[in-house]
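Here is a short briefing to read alongside the structure. Keep the viewer open, and take the topics one at a time.

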Amino acid sequence: MITLIDIGQSHENRTLLVMKITGKRNPLGSKISMWIDGGIHAREWISPATAMYIAHELILGYDNDATVAKLMDHIDFYILPVMNPDGYEYSREKNRMWRKNRSPAKCHRSTFSTVCCAGVDLNRNFDWFWASTGSSSDPCHDTYHGSSAFSEPESQAVRDFLEQNTPEAFISLHSYSQMWLIPYGHRKQSYPQDYHTGLRPLALRATKALYELYGTKYQVGTGADLMYEASGGSHDWAKGQLKVPYAYLIELRPKNTMMGHGFLLPEREIVPTGLETFESIKVVADELVAQF
Ligand code: 0X9
Ligand code: ZN
């Protein structure tokens, strides 16, 4: 049921490993597929954990849950739990609040001095209005967009794989804010043509299913309208360039920084976040089976 696919290497030569998960009654693979990535931002630890939890629920569910088995017999799930393994390791070992990848330091000249900093924000490095809004040309900034669109091995690997295996749904897991974000995020009030007829109604159904498990509330809308404008995001690129029908970015728990949480989600919330998110993933998957 599981095939591991090496889609490329990070800057520090870690393997970017995608799990292909599919049903046994579907030996030749399915026509439709769903992509889920986690860990594009290093410090958002609940994201890789949730990606792994979704894989776990699919695999265990196959023999125990007819709904899950049906979804897996129709859909190939491609899950990349850690898109930014170098940054994740750096966040675990050196600096908990690290966000970017670990691309070698580049220098930036200001009026008085030259400073050199490592790392590119991979969620500003995709080719969707690259380097136009909510990103920085300063390598020392947390939202440094890189020297060009797809300058980074991690974003290149994801692009190359998705161009060859374009899914019907694309979901990128982040934290935090409890928001289900729909393209486009590069500027306010910019919507794909099927925003009101397809993307938003499905997002509302998915977040309703999520809510029904523990009462966790999600806001639904574009990143630009709900948060801030930011160009070069992977979900915008997936929808705008790759034409993936259902492309989303999920900002997982918690809602805010109360109790000092934010990126530091308490351990007891890891499994509930995985379980409630899986409820919403099933809604999206179900729609793919119905529609494609
Ligand atoms: O800034 C990001 O890349 C995402 N937020 S995070 O805190 N996980 O870094 C949000 C991107 C969504 N798009 C826009 N807000 N435009
Ligand atoms: Zn993020």
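**The annotated site and its setting**

In the unreviewed UniProt entry, the annotation "active site" covers Glu251. Please keep in mind that this is a predicted model. The notes below begin at that residue, move along the strands and loops around it, and then turn to the ligand and the whole chain.

**Glu251 and its neighbours**

- Glu251 sits in strand β10, which runs over residues 246-252.
- Is Glu251 buried or exposed? Glu251 counts as buried because 23 C-beta neighbours fall inside 10 Å, and the cut-off for buried is 20 or more.
- Leaving out residues up to four places away in sequence, Glu251 touches His174, Ser175, Tyr176, Ser177, Gln178, Met179 and Leu181.
- Several of these contacts return below: His174 and Ser175 belong to β7, while Tyr176 and Gln178 are in the loop between β7 and β8.

**Strand β7 and its partners**

- How many residues of β7 are buried? Seven of the seven are, so β7 is largely enclosed by the rest of the structure.
- Ala169, Ile171, Leu173 and Ser175 point one way from β7, whereas Phe170, Ser172 and His174 point the other way. Residues on both sides are buried.
- β7 pairs with β10 in the parallel sense, over seven bridges. One of the residues to look for is Ser175, whose bridge partner in β10 is Leu252.
- Strand β3 (residues 32-37) also runs parallel to β7, and four bridges join them. Here Asp37 has Ser172 of β7 as its bridge partner.

**Backbone features after β7**

- Which residues are joined by the cis peptide bond that leads to Tyr176? They are Ser175 and Tyr176, and omega is about 0 degrees. Tyr176 lies in the loop between β7 (169-175) and β8 (179-182).
- Gln178, in the loop between β7 and β8, has a positive phi of about 55 degrees although it is not a glycine. With 19 C-beta neighbours inside 10 Å, Gln178 counts as partly exposed, because buried would need 20 or more.
- Another cis peptide bond runs from Pro183 to Tyr184, with omega near 0 degrees. Tyr184 is placed in the loop between β8 and α5 (195-214).
- Gln189 is also found in the loop between β8 and α5. Phi of Gln189 is near 50 degrees, a positive value in a residue other than glycine.
- Is Gln189 buried or exposed? Gln189 is exposed because it has 8 other C-beta atoms within 10 Å, and a residue with 12 or fewer counts as exposed.

**Around ligand 1**

- Which residues come nearest to ligand 1? Of the 15 residues around ligand 1, they are Asn123, His174, Gly185, Gly223 and Ala230.
- His174 is worth a second look: besides being one of those nearest residues, His174 touches Glu251 and is buried in β7.
- α6 (223-226) and β10 each supply at least two residues of the shell around ligand 1. β10 is also the strand that holds Glu251.
- The shell around ligand 1 divides into six nonpolar, six polar and three charged residues.

**Tyr144, in another loop**

- Tyr144 is in the loop between β6 (114-117) and α4 (153-164).
- Tyr144 counts as buried because 24 C-beta neighbours lie inside 10 Å.
- Apart from neighbours within four places in sequence, Tyr144 is in contact with Lys100, Gly119, Val120, Asp121, Ser136, Asp138 and Pro139.
- Tyr144 and Glu44 are 100 residues apart in sequence, and their C-alpha atoms are 17 Å apart in space.

**The chain as a whole**

- The chain contains eight helices and ten strands.
- Along its principal axes, the C-alpha trace of the chain spans about 65 × 40 × 35 Å.
- What is the radius of gyration of the chain? The chain has 18 Å, which agrees with the value near 19 Å for a compact globule with 292 residues.
- Of the 292 residues of the chain, 50% count as buried.
- Among contacts in the chain with a separation of 6 or more, 73% come from residues 24 or more positions apart.

Terms used. Residues are numbered from 1 along each chain as its sequence is written. Chains are lettered from A and ligands numbered from 1 in the order in which they are written. This is a predicted model: local features need pLDDT of at least 70, side-chain atom pairs count only at pLDDT 80 or more; totals for chains, interfaces and linings use all residues. UniProt positions are given in the numbering used here, feature names are shortened, and annotations may be inferred rather than shown by experiment. Two residues are in contact if their C-beta atoms, placed from the backbone, lie within 7 Å. A residue is near a molecule or strand if its C-beta atom, placed from the backbone, lies within 6 Å of it. Ala, Val, Leu, Ile, Met, Phe, Trp, Tyr, Cys and Pro count as nonpolar, Asp, Glu, Lys and Arg as charged, and the others, Gly among them, as polar. The radius of gyration is taken over C-alpha atoms; the globule rule is 2.2 Å times the number of residues to the power 0.38. Two strands pair if DSSP finds at least two bridges between them.
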